[in-house]
Every structure is written in structure tokens, then in C-alpha cells.
Amino acid sequence: MESKIKRIGVLTSGGDAPGMNAAIRAVVRACSYYNVECVGIYRGYQGLIDGDFVALTPRNVSNIINLGGTILKSARSEGFRTVEGRAKAHKNLIDANIDAVVLIGGDGTFTGGMVFNQEYNFPCIGIPGTIDNDIFGTNYTIGYDTALNTVVDVIDKIRDTASSHNRLFFVEVMGRDAGFIALNAGVGAGAEEILIPEEDLGLDRLLESLKRSKRSGKSSSIVVVSEGDKIGKNVFELANYVENNMPQYEVRVSVLGHMQRGGSPSCFDRVLASRLGVKAVELLLDGQTNVMVGVVDNKVVTTDLEKAIKENHEINMELLRVSDIMSI
Ligand code: F6P
């Protein structure tokens with residue numbers, strides 16, 4: 001493959017996600033395979049502004065496929081939102097002879113990449129890495145599968161104590177404005193109710209459903225609440241409301257928080273990251289830019305960065321129906 005691209009930069013930006021290291025490894029090794037140099041950029045766009053770069057060879061990424069987090073560190077850079085910040089970043093890239101960049105992150109990362117590409121016509125390819133799975137143009141984002149398994153594992157443990165004490169647990173999970181983690185982990189962990197931003201269940205229906213469960217003989221219950229849920233109360237207010245209306249239940253809240261972003265990536269995320277990392281390099285060498293690589297129906301596909309950011313990755317509402325039936 002003969003190409004004008006001789007040196008590729010790679011960065012991770014936004015919230016870290018398990019599998020980002022596997023993606024970095026794939027980019028570095030694909031570069032080496034195609035005789036292109038690879039440069040790691042620390043702390044996402046902030047490292048671009050600061051010129052915080054490191055040369056990466058295949059041996060520098062040994063034994064990281066199994067590591068959570070990102071060896072390149074991550075950040076949400078305020079500086080890159082400014083014209084001056086992006087100008088500095090561009091100068092640093094030119095000075096370091098970097099011809100193109102691979103951006104691993106979520107919609108904030110891709111928005112930055114798109115604006116940068118428009119301003120400087122600098123070749124950029126995005127790889128979706130976020131536990132939220134909220135990106136259009138891919139069935140799965142890197143890190144989502146691992147986060148799901150982490151959440152299911154924790155809810156299994158919460159179930160042990162919930163059932164021992166006959167308690168009702170509200171478990172808040174991440175996902176920002178999307179309910180993918182809540183819905184899939186909720187079904188996988190057998191939650192009685194799942195509250196997601198995509199569907200406002202309403203307080204009355206929630207109470208009615210919990211009362212029905214109680215009448216049917218359930219002594220404990222688990223409600224999974226997505227952090228972006230639109231029911232109008234935060235998880236603690238929700239728990240108080242239910243406790244006041246259902247004194248027969250002792251209610252507890254568990255906010256899972258950032259542990260959902262940690263841990264060794266699942267095999268699924270490692271394979272996904274490897275596929276997308278290789279493809280990102282191949283696309284750049286092929287002269288493509290301003291697109292994101294994703295997997296749809298098990299095929300690697302590309303989507304314009306703008307579309308990936310603006311269009312909605314729709315949740316599978318069928319799962320809500322399944323959840324309702326399962327929680328009878
Ligand atoms: O986008 C990933 C994510 O973990 C979201 O699920 C969550 O809303 C957010 O990042 C938390 O961000 P921070 O780590 O900056 O608190």
C-alpha cells in the first residue's frame with residue numbers, strides 16, 4: 001500500500017473504557033505492519049496542545065491487550081474547544097511530522113476531530129471507545145461489553161444481600177443520556193424494573209409494578225436506574241418516594257459509579273478493538289478521513305464523523321418488553 005501517510009498519531013480522549021489499550025495496540029502494530037511510524041499522544045487533545053508525544057513500536061504495546069484504562073491517559077480538554085488551542089495542536093502535529101491521527105473516544109472526541117478536520121483538513125479517523133454504547137454507526141462501542149459484564153456481576157452480588165434482608169435495591173448505572181447499560185445489564189441480571197432515559201416509565205407505573213411484585217410473593221427486588229433517566233427524581237429521591245409509599249419494603253440505594261469503567265476488557269472488546277484499530281490505519285493509508293470505523297452486523301463499516309455524532313443509536317425497545325414479561 002503506497003501512501004502519503006508516513007507517521008500516524010493515536011490518542012484516547014473522554015471517559016476511558018476497557019479495550020482502549022487493545023485498540024492502541026492494534027493501531028501501533030498495524031502501523032508497523034504497513035511500515036508507517038506511530039506516535040502516541042498523551043491525555044487526548046490536551047497532549048496535542050502540549051506536544052506531549054511518544055514514539056510507539058510494537059514492543060511498546062506488549063502485554064497491554066488485557067489492561068483496563070489507557071496507557072496514553074485520557075482527558076476532556078477545554079483548550080481544544082478554542083481556536084487557539086486547536087492552532088497549537090496543529091502546529092505540534094506539523095512540527096512532529098505527524099500526517100494523520102486516530103481518535104479513540106466517544107462523541108465529544110469525534111466532535112473535536114470533526115472541527116479540527118474542517119479547520120485544517122487534517123486526516124482523522126475515529127474509533128468508538130466508550131462504555132455508553134451511544135454512538136451511531138456501530139452496534140457496539142469498545143468497553144461497553146466489559147462494562148455490561150461488570151454491572152451484571154455486581155448486581156448478582158447485590159441480589160445476594162437484597163434477598164437475605166428482603167430489601168428493595170435501586171442500583172444506579174452509568175450511560176450518560178443513553179440506557180444501553182441499564183437495559184441490557186438489567187435484563188441480564190434479572191432486574192424487576194429498568195428505568196432508562198429512552199422511556200419514561202412514570203412514578204405511578206413504577207409503584208404499581210413493585211406492588212404487583214410484592215403481591216406475587218417476591219420478598220426482594222432490584223430496580224436498575226440509568227443515570228440519565230427522565231423520571232424526574234434522582235435515585236435517592238426515588239428510593240425515598242418508594243419507601244414512603246411502600247413501607248412494607250426496606251429500601252437501599254447503590255450507585256455503581258466509576259468502577260463500571262475499570263477492569264480487564266472482555267474478549268469481545270479485545271477482538272472489536274483489534275478489528276477497528278487495524279481498519280482505522282488501513283483507511284488512513286487509503287486516503288480516507290473524517291470517518292468513524294464501527295461494526296454493523298459483524299462487518300467493519302465506516303460512518304461520517306458528523307453522522308456518528310448527530311444521529312441516534314437506537315435502543316432495542318423489544319428488550320423492555322422482554323424485561324416486563326420476565327419480571328412477572
Ligand atoms: O461517557 C462515559 C461516562 O462514564 C458516562 O457513563 C458518565 O456519565 C461519564 O462518563 C462520567 O464522566 P466523568 O468520569 O468525567 O465523571
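Tutor: In this predicted model, a polar contact is a pair of N or O atoms within 3.5 Å.

Student: What makes the pairing of Arg261 with the ligand a polar contact?

Tutor: An N or O atom in the Arg261 side chain is 2.8 Å from an oxygen atom of the ligand. Because the cut-off is 3.5 Å, the pair qualifies as a polar contact.

Student: How do you know that His258 and Arg176 qualify?

Tutor: For His258, a polar side-chain atom lies 2.9 Å from a ligand oxygen atom, and for Arg176 the corresponding value is 3.5 Å. The limit is within 3.5 Å, so both pairs count as polar contacts. Of the 400 Å² that the ligand exposes when taken alone, the protein buries 75%.

Student: Why are five residues of the shell around the ligand called charged?

Tutor: Asp, Glu, Lys and Arg count as charged. The surrounding residues include Arg76, Asp132, Arg176, Glu227 and Arg261, so these are the five charged members. The rest of the shell divides into two nonpolar and three polar residues.

Student: Why is the ligand said to lie between domain 1 and domain 2?

Tutor: Both domain 1 (7-143 + 265-310) and domain 2 (144-261) give residues to the shell, so the ligand lies between them. The centres of the two domains, taken over C-alpha atoms, are separated by 34 Å.

Student: What makes domain 1 and domain 2 count as being in contact?

Tutor: Contact requires heavy atoms within 4.5 Å. By that criterion, 18 residues of domain 1 are in contact with 13 residues of domain 2.

Note on methods: Residues numbered from 1 in each chain as written. Predicted model: local features only at pLDDT ≥ 70, side-chain atom pairs only at ≥ 80, totals over all residues. Heavy atoms only, no water. Near = heavy atom within 4 Å. Polar contact = N/O pair within 3.5 Å; in protein donor to acceptor, adjacent residues only side chain to side chain. Areas by Shrake-Rupley, 256 points an atom, 1.4 Å probe, with all protein chains shown as cover. Domains from an automatic or database assignment.
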